[in-house]
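Q: Please take a close look at one helix of this model and at what surrounds it. I would like the packing described in some detail.

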Amino acid sequence: MMFSVEPVWELLSRHLDACMLRQAVYSSNIANASVPGYQPLEVDFESQLRSASALLQAAPAEAGDLLQTIQPQIVRAPVASVELDQQLALMSQNALHYQQLLRAFERSIGLLRLAVLEGKES
Amino acid sequence: MGLFNILNISAAGLTVERTRLEVAVTNLANAQTTAPPGGLLYQPVQAILRSASQARLQSSHMDGPSLEGSSLEAALPRPFVAEIAPMSSPPRRVYDPGHPDADAQGFVSYPGVDPVTTMLDLLSISRSYEANVKAFDITRTLLERTLDMGSQR
């Protein structure tokens, strides 16, 4: 079986995009915290990922096409007003998640580098 | 994708909080000023905040086609100060017949600034400002990490 790194990169970069969008949404929530009547927002990505992975198990061949359909959405958060501490906690969590994904990206690049260098370290 | 838009959002939050701070401090600073009877007394003001493009986002999400990709970030609401409006609080009247600005009954009018409320406002402003700074820092860290990606360590 041929090893292809492209679907992995596609998935990682989409997930990174979603995390960055989430960072923007939390920033916006915090910035608008003092505006009366502001409705906090949230990003929906994981549920789409789950449904895509369920579809993938049913039909494994369409992995590449399926990735194209995953789009993060901005939805209303299920809370009525912005709680600063809560938003900051969510933001820290999201930041860690983002760095985790970056690390995964770097590892997969390292794997490819290893293959290009024929297993030699440098 | 407009990476630096995120920093702009936090910056808009900081600007709004700073304006609120200026308004509160102005009220507090002018709280003890008086005016001769019939003269112009300082009127306490307050900043009216609004969110830009919030309505657009909600309407597009409710019935139109949903926004995608980079336009999502551009559609995120940013706060701004719509106007600095005078508050309708009545002047505080203090009996002080010896004061040069006292009226015929011996009362002196002071602006209707409530120092306790204003101090509480200052606390909440300070917290919001800090939260925006924190958000700015986290975003900057993420962007730096992204730029470092792939570099040899």
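A: What follows deals with helix α1 of chain B, then with the contact between the chains and with chain A. The model is a predicted one.

Helix α1 of chain B covers residues 3–29. Its 27 residues should span 39 Å at 1.5 Å a residue, and the end C-alpha atoms are 40 Å apart, which agrees.

The buried residues of α1(B) are B:I6, B:I9, B:S10, B:A12, B:G13, B:V16, B:E17, B:R20, B:V23, B:A24 and B:N27. In an α-helix there are 3.6 residues a turn, so residues three or four places apart point the same way. Within chain B, the buried residues of α1(B) pack against β1 (45–52), β2 (78–86) and α4 (115–148); from chain A they meet α1 (6–31).

The contact between the chains involves 30 residues of chain A and 37 of chain B. On the chain B side, α1, β1, α2 (54–62), α3 (70–75), β2 and α4 each supply at least two residues. The largest share of that side, twelve residues, belongs to α4(B). By class, the chain B side has 16 nonpolar, twelve polar and nine charged residues.

As for the partner, chain A has four helices and two strands, in the order α-β-α-α-β-α from the N terminus. The radius of gyration of chain A is 18 Å, well over the 14 Å that the globule rule gives for 122 residues, so chain A is more spread out than a compact globule. The C-alpha trace of chain A spans about 60 × 40 × 15 Å along its principal axes. Of the 122 residues of chain A, 26% count as buried.

Terms used: Residues are numbered from 1 along each chain as its sequence is written. Chains are lettered from A and ligands numbered from 1 in the order in which they are written. This is a predicted model: local features need pLDDT of at least 70, side-chain atom pairs count only at pLDDT 80 or more; totals for chains, interfaces and linings use all residues. The radius of gyration is taken over C-alpha atoms; the globule rule is 2.2 Å times the number of residues to the power 0.38. A residue is buried if 20 or more other C-beta atoms lie within 10 Å of its own, exposed if 12 or fewer, and partly exposed in between; C-beta atoms are placed from the backbone. The expected span of a helix is 1.5 Å times one less than its number of residues. Two residues are in contact if their C-beta atoms, placed from the backbone, lie within 7 Å. Ala, Val, Leu, Ile, Met, Phe, Trp, Tyr, Cys and Pro count as nonpolar, Asp, Glu, Lys and Arg as charged, and the others, Gly among them, as polar.
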